[in-house]
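Got your viewer open? Let's walk through this one together, one selection at a time.

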Amino acid sequence: MSSEPLREVYAEGGNYCLTVGDGVAACRVWRRPDVSREIGAAYAREMVGMFQRVAREPGLRVRGAVMDLREATLAWGPVTHAALGEMFAALEAASRRIAVVSADNALQMMSLQSLVKAHAPRFGRVFGSHEDAFRWAGMNRQAIG
């Protein structure tokens with residue numbers, strides 16, 4: 001028997017899956033070498049709408065979100081870059097935490113830190129650890145003061 005809380009599949013796409021459970025929306029994105037850059041960018045555009053919906057969920061259902069990019073491509077084009085900024089901004093505007101998990105890659109980490117600083121300066125943070133990201137995203141804001 002797993003100690004992992006039950007997670008409901010909220011949305012799925014060509015290279016991502018978003019689940020919700022225990023107050024945290026979790027989006028895992030993976031690399032798809034079999035699709036073009038344009039299709040990958042279209043998947044990112046799809047995720048913008050998904051994150052906008054997550055941001056409108058009641059606070060008891062979604063306190064924060066984790067975007068796990070450890071298996072995603074390490075660099076992306078301008079459409080995907082803009083889409084990531086919109087996703088982070090949607091959560092920032094709703095005062096929801098967004099924890100972004102980066103691959104162990106300096107270029108991806110720097111790109112994500114720049115995006116978070118620009119689009120989610122109060123509620124965004126980049127992590128190298130999946131566990132730390134989940135812990136931080138699910139924290140109750142009243143508990144932190």
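**Stop one: a buried ring**

Select Phe127 to begin: at 11% relative accessibility, under the 20% cut-off, Phe127 counts as buried. Keep in mind that you're looking at a predicted model.

Now add Trp136 to the selection. Is Trp136 buried or exposed? Its relative accessibility is 9%, so Trp136 counts as buried.

Why pick these two residues? The structure holds one aromatic pair. Phe127 and Trp136 form it: their ring centres sit 5.7 Å apart and the planes meet at 45°, so the pair is tilted. An angle under 30 degrees would have made it stacked, and one over 60 edge-to-face.

**Stop two: the whole chain**

Zoom out and switch to a cartoon view. You should find five helices and six strands. Trace them from the N terminus and the order reads β-β-β-α-β-α-β-α-β-α-α. The radius of gyration is 14 Å, close to the 15 Å that the globule rule gives for 145 residues, so the chain is as compact as a globular protein of that length. If you'd like a sense of scale, the C-alpha trace spans about 40 × 35 × 30 Å along its principal axes.

Try colouring by burial next: buried residues make up 46% of the 145 in the chain. With a surface view on, you're looking at about 7700 Å² of exposed area, 54% of it supplied by carbon and sulfur atoms.

**Stop three: the largest nonpolar core**

In soluble globular proteins, nonpolar side chains tend to be buried together. To see that here, select Met47, Phe51, Met67 and Phe88: of the 34 residues in the largest nonpolar core, these touch the most other members. Several elements each supply at least two residues of this core, among them strand 1 (8-13), strand 4 (64-71) and helix 3 (106-119). Which helix gives the most? That's helix 1, with seven residues.

Stay with Met47 and show its surroundings. Leaving out residues up to four places away in sequence, Met47 touches Tyr16, Cys27, Val29, Met67 and Met87. Contacts across long stretches of sequence show up in the chain as a whole, too: of those with a separation of 6 or more, 70% join residues 24 or more positions apart.

**Last stop: the second core**

Finally, select Val66, Val101, Ala133 and Trp136. They are among the eight residues of a second, separate core. You've met Trp136 before, as the partner of Phe127 in the tilted pair.

Methods. Residues numbered from 1 in each chain as written. Predicted model: local features only at pLDDT ≥ 70, side-chain atom pairs only at ≥ 80, totals over all residues. Heavy atoms only, no water. Phe/Tyr/Trp six-rings, centres within 6.5 Å; stacked < 30°, edge-to-face > 60°. Buried < 20%, exposed > 50% of the residue type's maximum accessible area, 1.4 Å probe, protein only. Core = buried A, V, L, I, M, F, W, Y, C linked by side-chain atoms within 4.5 Å. Helix = DSSP H or I, 4+ residues; strand = E, 2+ residues; numbered from the N terminus. Contact = heavy atoms within 4.5 Å. Rg over C-alpha atoms; globule rule 2.2 N^0.38 Å. Areas by Shrake-Rupley, 256 points an atom, 1.4 Å probe, with all protein chains shown as cover.
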